[in-house]
Amino acid sequence: MLQQTQVGRVAERFEAFVARWPTAAGLAAATEDQVLAMWQGLGYYRRARRLHEAAKACVARFGGTVPRRAADLVTLPGVGRYTAGAVASIVHGERTAIVDGNVARVLLRVHGRALDPASRSTQDWLWSTAQDLVEQARSAASVNEGLMELGAIMCTPRTPRCESCPWRPRCVAHRDGTVDRIPVVAAKAVRPTVHWETLVMHDARGLVLERRSDHGLWAELWQTPTIEHDSVADARAFDPNAAWPEVAGIVEAGAFTVVTSPRRVAFRVWSAKPPKRLARGWQRVGPELLDEHAMSNAMRRVLETASFVRPTADARAARSHGAADSRRTLAPEDAARPATRVRSNNRSRREG
Ligand code: SF4
């Protein structure tokens, strides 16, 4: 849960998740929909699916228990070398290394190597150097945690505290005055922007949703009916009445952009009452069932934009600090609220 998600947000979900599925066997027996619904608000739903698969693998291959050795842990879906090493060394005391961004920065600076930590050859060097350290240490856990803490607290990316660092006497980058050039940071690729139109339709009987396909961004999560444009020209020419002819009284509710790992998604949000007959693939979901329909954080923001739910204080604070996406709650009383028309509210200028 903590991978790429803030501790505060995880704290809200972790206890309930573990209380519901305290064992690998219990989690393995759950349906994917149940797991995704409990994961709501944490984002990166692929992790939830992998965790579910890992629980099934624990049942199938390890007698229902989570393996202890890094070599076994790394065979579980969603468990990489870092997670396997962290669990095996810190929880079970195995003499195995871990390398995260903090460890990489410390090792590269101490050895004076101006390399890109993302490259395969640098990764090989880092893992082998970190493994040498834990082989020589009394406690692999202490070395691993110490290196991570040193990188997080002292050997920071921009303002390292070299004067009080215990490794200063043997740090090559400090000696050579190259600290600010190590590690090498590769230029970031520009994220393309895609343009999506989405229609929020609800009344006292519920909200109209459809399910995303089983591949690509937010696979199999629920969303309000959405049209994804192939080009910016299609977005400019978009006519909601032509796109959704069965729906009357469509009004624009607002627009915003979210940043996902492969791209930026520019949403334009429309709002209307549900038609008498729903189009193929659409489902009306009553307020009492909304929490069982997992949605992306972006879709929660769509619902806020259409005034279907109110943003939480956390969501407002996260956005005011520039976060691209944040957690919201769906309150049943909000779900039952009648539609509210809002003026066009383009918070993030549409691009292209
Ligand atoms: S001396 Fe400075 S650059 Fe070297 S490990 Fe310590 S904090 Fe990092």
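Among contacts in the protein chain between residues at least 6 apart in sequence, 67% link residues at least 24 apart. The model is a predicted one, and its protein chain comprises 15 helices and seven strands. Of the 352 residues of this chain, 32% are classed as buried.

The surroundings of the ligand were examined next. A shell of 15 residues encloses the ligand, and the closest of these are Cys155, Pro160, Cys162, Cys165 and Cys171. Two helices, H7 (101-110) and H10 (172-176), each contribute at least two residues to this shell. The largest share, three residues, is provided by H7. In terms of residue class, eleven members of the shell are nonpolar, one is polar and three are charged.

Burial was also analysed for helix H3, which spans residues 32-39. Within this helix, Val35, Leu36, Met38 and Trp39 are buried. Viewed down the axis of H3, the buried residues fall within an arc of 160°, and they therefore line one face of the helix. The cover over these buried residues includes helix H1 (7-20) and helix H4 (45-61). Just after H3, glycine 41 adopts a positive phi of about 95°.

Taken together, the results describe a ligand shell with eleven nonpolar residues, to which H7 supplies the largest share, and a helix H3 whose buried residues are covered by elements including H1 and H4.

Definitions and conventions: Residues are numbered from 1 along each chain as its sequence is written. This is a predicted model: local features need pLDDT of at least 70, side-chain atom pairs count only at pLDDT 80 or more; totals for chains, interfaces and linings use all residues. A residue is near a molecule or strand if its C-beta atom, placed from the backbone, lies within 6 Å of it. Helices (H or I, at least four residues) and strands (E, at least two) are DSSP runs, numbered from the N terminus. Ala, Val, Leu, Ile, Met, Phe, Trp, Tyr, Cys and Pro count as nonpolar, Asp, Glu, Lys and Arg as charged, and the others, Gly among them, as polar. A residue is buried if 20 or more other C-beta atoms lie within 10 Å of its own, exposed if 12 or fewer, and partly exposed in between; C-beta atoms are placed from the backbone. The arc is that of the directions from the helix axis to the C-beta atoms. Two residues are in contact if their C-beta atoms, placed from the backbone, lie within 7 Å.
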